Amino acid sequence: MRAPAWNLWGYLETVRGNKGGFRLARPANAIRLGEVIRRTEEGFELVECFDADTNTCPLIEKCKLSIALRRALEAFLAVLDGITLADITTNGNDLLTVLDLQLPPASGRVPGVVGPTVRPAPAQPR
């Protein structure tokens, strides 16, 4: 997924300049994962009959499995609707440590622009 799409959807805004980058366009607690998943993922047709345009299943009128699967998909997305970006980023420092990343120094950065940078490899002895 490219950043311009995230910008158009109102998740990110760009900051121009040599110290620019991008930042959230809305507070993290206002961005629901269900909304993001619906916009960024394709193929929620778990079974053929979910897509009326391509369905050829002869059981469509009598099948109870498709009803259960549709309810399961709705439940899955409902759970994600209850989770915000803020909810899943409260352990950001732990995640950066596991990924061996660090935030850039605060000085010299545009306020509000955050993004991990790769920690430089230790100098090798000669």
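Three salt bridges, given as a count of 3, are found in the structure, a salt bridge being a side-chain nitrogen of Lys or Arg within 4 Å of a carboxyl oxygen of Asp or Glu. The structure is a predicted model, in which local features need pLDDT of at least 70 and side-chain atom pairs count only at pLDDT 80 or more, while totals for chains, interfaces and linings use all residues. Residues are numbered from 1 along each chain as its sequence is written, and side-chain values use heavy atoms, with hydrogens and water left out.

Side chains of opposite charge can pair when their charged atoms come close. One such pair is formed by E13 and R23, with an N to O distance of 2.7 Å. E13 belongs to strand β1 (residues 12–15) and R23 to strand β2 (residues 21–24), so this salt bridge ties together parts that are 10 residues apart in sequence. Helices (H or I, at least four residues) and strands (E, at least two) are DSSP runs, numbered from the N terminus. Both partners are partly exposed, E13 with a relative accessible area of 32% and R23 with 26%; buried means under 20% relative accessible area, exposed over 50%, and partly exposed in between (1.4 Å probe, protein chains only).

The side chains of D81 and R38 also meet in a salt bridge, at 2.7 Å from N to O. Here D81 lies in helix α3 and R38 in helix α2 (residues 33–40), so the pair links parts that are 43 residues apart in sequence. D81 is partly exposed at 27% relative accessibility, and R38 is likewise partly exposed at 39%. A further salt bridge joins R26 and E35, with an N to O distance of 3.3 Å. R26 has a relative accessible area of 26% and is partly exposed; E35, at 25%, is also partly exposed.

The number of disulfides is 0, where a disulfide is a pair of cysteine sulfur atoms within 2.5 Å. For C57, the nearest cysteine sulfur is that of C49, 5.9 Å away. The sulfur of C49 is also the nearest to C63, at 5.8 Å. C57 is partly exposed, with a relative accessible area of 25%, and C63 is partly exposed at 24%.

T84 is placed in the loop between α3 (65–81) and α4 (85–88). With a relative accessibility of 5%, T84 counts as buried. Beyond residues up to four places away in sequence, T84 touches A28, N29, I31, R32 and L33, contact meaning heavy atoms within 4.5 Å.
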